[in-house]
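Please open the model in the viewer and keep a selection tool at hand. The tour below moves from one selection to the next.

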Amino acid sequence: MSIVSLLGINVLNNPAPFTAPYEFEITFECLEPLKEDLEWKLTYVGSSSSFEHDQLLDSILVGPVPVGINKFLFTADPPSPDLIPASELVSVTVMLLTCSYNGQEFVRVGYYVNNEYDTEELRENPPSKVQIDHVVRNVLAEKPRVTRFNIEWDKDTKTEPEEAPQDFEDDDVL
């Protein structure tokens, strides 16, 4: 059983310019006192063909965490377009929001992100060089892919995933 349960994530400022910061309002419940902080990370997948283009946009520690329902705002800078292959700047990619406790990841939320030009003219006739100031991102927040992992809370050992990845349906919390 997980001591920390993710209750909801609201993706704010969405859609937004590619160069705008990401903003997430995260709500979770803590059932027992924790000795350590929670570590939240946001990773942007820069290429479908190689991990070398992935960018850690931000990592924050949240704590001490009181027992009960907690909410906070997670803001992260956008990815650097210079580190993404030009052919994949205007396309669909993935973003991962993860949370770890004591070095053990216990929840991962994946979102598809659609990056496209802000005008019909640019969408129909894309320029040879990407005009990043005209790219808009849209995080597909309605259908996150959530994976939970069973961990040893307040111990150093790790265990296998608690359950297979699942897509949340309309009646689920996220």
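**A tour by selection**

Select T98 to begin: T98 is buried, because its relative accessible area is 11% and buried means under 20%, exposed over 50% and partly exposed in between, with a 1.4 Å probe and protein chains only. The model is predicted, so local features need pLDDT of at least 70 and side-chain atom pairs pLDDT 80 or more, whereas totals for chains, interfaces and linings use all residues. Residues are numbered from 1 along each chain as its sequence is written, and side-chain values use heavy atoms, without hydrogens and water.

Next, display the surroundings of T98. Beyond its neighbours within four places in sequence, T98 is in contact (heavy atoms within 4.5 Å) with E39, W40, K41, E105, V107 and R108.

T98 lies in strand β7, which spans residues 92–101; strands are DSSP runs of E with at least two residues, numbered from the N terminus. Now add strand β4, residues 38–45. Strands β4 and β7 pair in the antiparallel sense over eight bridges, where pairing requires that DSSP finds at least two bridges between two strands. Within this pair, W40 has C99 of β7 as its bridge partner.

Which strand pairs with β4 over seven bridges? Strand β5, residues 55–62, does so, again in the antiparallel sense. Select T43 and L56 there: T43 stands opposite L56 in β5.

Finally, return to β7 and select V92, which belongs to that strand. V92 counts as exposed because its relative accessibility is 52%.

Key
Helices (H or I, at least four residues) and strands (E, at least two) are DSSP runs, numbered from the N terminus.
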